[in-house]
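Student: Could you walk me through this one? I'd like to get a feel for how its strands and helices fit together.

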Amino acid sequence: MAELIKLYEENPNPKQVEKVVNVLRKGGLVIYPTDTVYGLGCDITNSKALQRIARIKGVKLEKANWSFICADLSNLSDYVRQIDSSTFKILKRTLPGPYTFILPGNNNLPKDFKKKKTVGIRVPDNAIARALVTGLGHPIVSTSIRDDDDILEYTTDPELIYEKWQNLVDIVIDGGYGDNVASTVIDLSGDEPELIREGKGSLEIY
C-alpha cells in the first residue's frame, strides 16, 4: 500500500523529498503535483518501473508517449539534439511553465526510449516536482493521472487520488489541490511549431 506524504510547494521538506527520491531510485512509482494536473512518474532509467507504468496505463512501453520532467533546461543536451536559437528562446521564455515541448531526441536517450525520434520535455512551475528531479539527478518520466469519469477527466483532490491509486503505486504526494487542465503540448521538432494539445499554457508564445 502506498504512503501518503504531505509536501508544501513553498518550502518542500528536504527529508521528505529525499525519502521520495530513494523510492524512485529503487524503482518505485510516485504520484506527485505539477503546475497542471497530478502526474504518475518514475526514474527514466529504471526499466522495471517503466514497465509497471505501461501496465497500469494499458500501453506498450515502446509506444508510450510520456514526458520527461526536468528541473531546468541545463540537462536538455543530455536527451535532445541541438536546437536552433529561436526554439531555445521559446523554451527559455515559457519554462518553467505549463507546457510540454516535443523536441528531437538524440542518441543518449535511456535504453527504453532509444527508438524514439522525439521526446516530450516538461519543466513544471512547481517546486515539489523540480525538487524530486534535482534530488534524483536526472528526469522523471511522467504521465497524467486521468480519471475514469469523462466529465471530470482529472482528479484534483490528492486524498481521492490516494484512495484510488494506493494499491498501484508506492507514494502519493499531497501537494495541495491540483489543476484539472493538462499542459499545452507543442511540437517543435519539425520546421514549423505545431500545436498538439491546447491546455493550460497560453498559445501566444512566439
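Tutor: Sure, let's start with a strand pairing: Ile 69 has Ile 140 as its bridge partner in strand 7. This is a predicted model, where local features need pLDDT of at least 70, side-chain atom pairs count only at pLDDT 80 or more, and totals for chains, interfaces and linings use all residues. Residues are numbered from 1 along each chain as its sequence is written, and side-chain values use heavy atoms, with hydrogens and water left out.

Student: What counts as a strand or a helix, and how many bridges join strand 4 to strand 7?

Tutor: Both are DSSP runs numbered from the N terminus: helices are H or I with at least four residues, strands are E with at least two. Two strands pair if DSSP finds at least two bridges between them. Strand 4 (residues 67-69) and strand 7 run antiparallel, and the number of bridges joining them is three.

Student: Which residue of strand 7 stands opposite Gly 41?

Tutor: Strand 3 (residues 39-43) also runs antiparallel to strand 7, with five bridges joining them. Opposite Gly 41 in strand 7 stands Ser 142.

Student: Which residues of helix 6 are buried, and which are exposed?

Tutor: Buried means under 20% relative accessible area, exposed over 50%, and partly exposed in between (1.4 Å probe, protein chains only). In helix 6 (residues 158-165), the buried ones are Pro 158, Ile 161, Tyr 162 and Trp 165. They fall within an arc of 100° seen down the helix axis (using directions from the axis to the C-beta atoms), so they line one face. On the other side, the exposed ones are Glu 159 and Glu 163.
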